[in-house]
Every structure is written in C-alpha cells, then in structure tokens.
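Below is a short note for a colleague who has not worked with this structure before. Please read it with the sequence and the model at hand.

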Amino acid sequence: MAKRVLSGMRPTGKLHFGHYHGVLANWLKLQNEYECFFFVADWHALTTDYANPSNIKDNIREMVIDWLSVGIDPSKATIFRQSAIKEHAELHVLLSMITPLPWLERNPTYKEQIEAIKEKDLLTFGFLGYPVLQTSDIIIYKANKVPVGIDQAPHLELSREITRRFNHFYGEVFPEPETLLTSIPKVLGTDGRKMSKSYNNSIFLSDPPAEAEKKMLTMMTDTARKKRTDTGSPDLCPFYQTFHSLYSDEKTLEWVKEGCTTASIGCIECKKSVIPKVLAALEPIQLKRRELEADPARIAEILNEGTKKASAVARETMTHVRHAMGLE
Ligand code: TRP
Ligand code: SF4
C-alpha cells in the first residue's frame, strides 16, 4: 500500500509566491507519489486569532481556491477542513492527558512565538497545546510522512514523542510519523525580508498581472546600486535571489551576473528579462481561479467529498483508540 502523507496549512487567505515554492510545489509532487491528505488547519488558526475570527471563512475559501488553482487535485488527494472532523478534538483531549507539560513549555517554536508576537496574548492553554492538536491531526490518519519546513521540525519531533508515549501506555496503535523535510527556497518579499503576509511585502498568486508586475518592478534590489552606474552583486539582490533564481534559465543568469557586476545593465532592464516568465506562470493559475470563483458549489463539493473520506478513516482510528484505552 502507498505510504500516507498528511499536511496542513493554517487558513491565512490568499497565498503568495512563498507558499507556492515553499509548500505547494512540494504537495504537487507528493500527490503523485503517495496517498495524500491535505487539510485546512482552521482550529490552529484560532490559537493565535481567537480574538478576531471573523475572516476565517473567507480565508479558508481563498486558500482552498489557491490550492486547487495550482493543481492540487481532489481526485488524487483528500482535501478537507480540520474542524469538519470532530474526532481530531476527541483525540486531542486524550493526548492532552498523557503529554507532559515540560515538553510543551520547552518547545522552541512556542518560546519564539511568544517573544515575537507581542500584540496578541498567546499565554493560553490552546496555544501551548498547539503541537498536541497537530499530533492528533497527524496520527488520526496514521500518516507515515509529514512534509514540513525546518521551522516546523520541532513540532514534528514532539509529535513523535507523544506518539511513542501513547503506544507505550496503550499498545502499538499508531505508526510513528516521519518528518519529510522540505527544502524551502528563499522567497523574499518586495522589501527584501522573507515574504510574509504580515510584513505586507507579498506578491500573491491572485494578484492581477499589472499589479504583480508593478510589485516586481519596485521590489528591492542590491542597495549598492543607487545610481545606474553603480555596480552590484546578484547575491545581495532580493529580486535576483527570488525571481531570477526561480524563473530564469542559465543563459539569463549569466547575462545578469555579468551585467550587474559591471553596471552594463540597469535594474529595470534586468527585471524585465524575467518578469514575463513569472507572469506566464501565473496565467494558468489565475485562469483556474476564475473558473472556481464562478462555481462556489464545486468547492463545497470537493470539501464534502474530502470530509467523507477523512471522516471514515478518523472514525475507525478512534474506535481503536477508545478500545486500546479501555473506554469502549
Ligand atoms: N502547524 C502547521 C502550520 O503552521 C499547520 C498544521 C496543523 C500541520 N496541523 C498539521 C502541518 C499537521 C502538518 C501536519 O503550517
Ligand atoms: Fe538585482 Fe538585477 Fe539590479 Fe543586479 S541588476 S541589483 S541582479 S535587479
């Protein structure tokens, strides 16, 4: 039997190039190689946005449209919403009984986020328990592999420890999920920082071509090139590192390196050598988006189908779990 892969994303709304090259490109490969479950982690969104959940429905819709638009295929992968499968919550409660508090408190991601996000009060039970809920998401489908970026690796390690502890107490119910470490290319935003919705520096998959082009033309370059006659270095140029690296062929890359370091080309000319390729890549994605936007019933249908499949697996697992724990 094909190994099972599971991954989730918090619903943050429309997705950008960072999501595409960091996550979705990988999912597109995986859906051809494994039995895949891809879900919308809407309860996880509430761990940080509990005070302001009004956008959640729109965010889910926009994100799922982007998944489908780039080619995530419901005939290959099972697509659903976490909150539609109540068994995740039941398993979360049971796992919370066996998860030692210090494991959660020493989680590096937890400490970092508390430090980084000062504008929200994250000292909640739910936020501390984020990895416990994530563990239940994974093992309820007996997933073998979980593709995540390096930043999520500590969560996965915690999931493996919680799984071992469960199996130790109640018998071998769950396979230990393996981390499928995704190498994430550097996708920088228009200001040169990591592309992120919260930095307001993103180029979205759904940006109209004129807007995407404008964002790229004004994107930060090597700051050494203040004047047209200043030489620069592609290695220090956010535009180059993101768009040339991902979309230009070898010949163009050579031309850029030579032209930038000798100031024989300007930044606008340099950018214009790749922008059409980026826009061409967006075109089929946006065509698919328009189709889906015109047919909201189709999205509901896809999520319903996915929910049915996921639910059957989750229900069966919970029967084993209750049995193993002596609850049934
Ligand atoms: N924590 C993940 C993120 O922030 C989302 C997520 C929730 C997830 N549950 C998961 C990812 C289970 C992989 C497996 O993107
Ligand atoms: Fe970046 Fe190109 Fe300008 Fe060099 S010429 S700084 S690579 S945009």
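The points that follow take up the ligand site, the strands and a few loop residues in turn.

1. A caution on the source comes before the details. This is a predicted model, and the distances and areas in the points below should be read with that in mind.

2. The ligand site is a good place to begin. Around ligand 1 there are 13 residues, and those that come nearest are Arg-10, Tyr-130, Gln-134, Asp-137 and Gln-152. By type, the shell divides into 6 nonpolar, 5 polar and 2 charged residues.

3. Three side chains can be checked for polar atoms facing the ligand. Arg-10 has a polar side-chain atom 3.0 Å from an oxygen atom of ligand 1. For Tyr-130, a polar side-chain atom lies 2.7 Å from a nitrogen atom of the ligand. In the side chain of Gln-152, an N or O atom is 3.1 Å from a nitrogen atom of ligand 1. On its own, ligand 1 has 360 Å² of accessible area, and the protein covers 92% of this.

4. Which elements give two or more residues to the shell around ligand 1? They are strand S1, residues 4-9, and helix H8, residues 130-139. The largest share comes from H8, with 4 residues.

5. Helix H8 deserves a second look for its surroundings. The helix is largely enclosed by the rest of the structure, because 10 of its 10 residues are buried. Among them are Tyr-130, Gln-134 and Asp-137, three residues that also belong to those nearest to ligand 1. The buried residues of H8 also include Pro-131, Val-132, Leu-133 and Ile-138.

6. Strand S1 leads on to the strand pairing. S1 and S2 run parallel and are joined by 6 bridges; Arg-4 has Glu-35 as its bridge partner in S2. Between the two strands the chain passes through helix H1, residues 17-33, and this β-α-β crossover is right-handed.

7. Strand S2, residues 35-40, is mostly covered, with 5 of its 6 residues buried. S2 also pairs with S3, again in parallel, through 5 bridges. Here Val-40 stands opposite Arg-81 of S3.

8. After strand S3, residues 77-81, a loop leads to helix H4, residues 87-98, and Lys-86 is found in this loop. Is Lys-86 buried or exposed? Its relative accessibility is 56%, so Lys-86 counts as exposed, the cut-off for that being over 50%. Lys-86 and Ala-314 are 228 residues apart in sequence, yet their C-alpha atoms are 9.0 Å apart in space.

9. Two residues call for a check of the backbone. Asn-200 is not a glycine but has a positive phi of about 60°. Its place is the loop between strand S5, residues 178-181, and helix H10, residues 209-217. With a relative accessibility of 72%, Asn-200 counts as exposed.

10. Ala-263 is the other residue to check. Ala-263 has a positive phi of about 60° although it is not a glycine, and it sits in the loop between helix H12, residues 250-262, and helix H13, residues 267-272. Why does Ala-263 count as buried? The relative accessible area of Ala-263 is 11%, and buried means under 20%.

Key
Residues numbered from 1 in each chain as written. Chains lettered and ligands numbered in written order. Predicted model: local features only at pLDDT ≥ 70, side-chain atom pairs only at ≥ 80, totals over all residues. Heavy atoms only, no water. Near = heavy atom within 4 Å. Polar contact = N/O pair within 3.5 Å; in protein donor to acceptor, adjacent residues only side chain to side chain. Areas by Shrake-Rupley, 256 points an atom, 1.4 Å probe, with all protein chains shown as cover. Nonpolar A, V, L, I, M, F, W, Y, C, P; charged D, E, K, R; others polar. Buried < 20%, exposed > 50% of the residue type's maximum accessible area, 1.4 Å probe, protein only. Pairing = 2+ DSSP bridges. Right-handed = clockwise from strand over helix to strand, strands pointing away.
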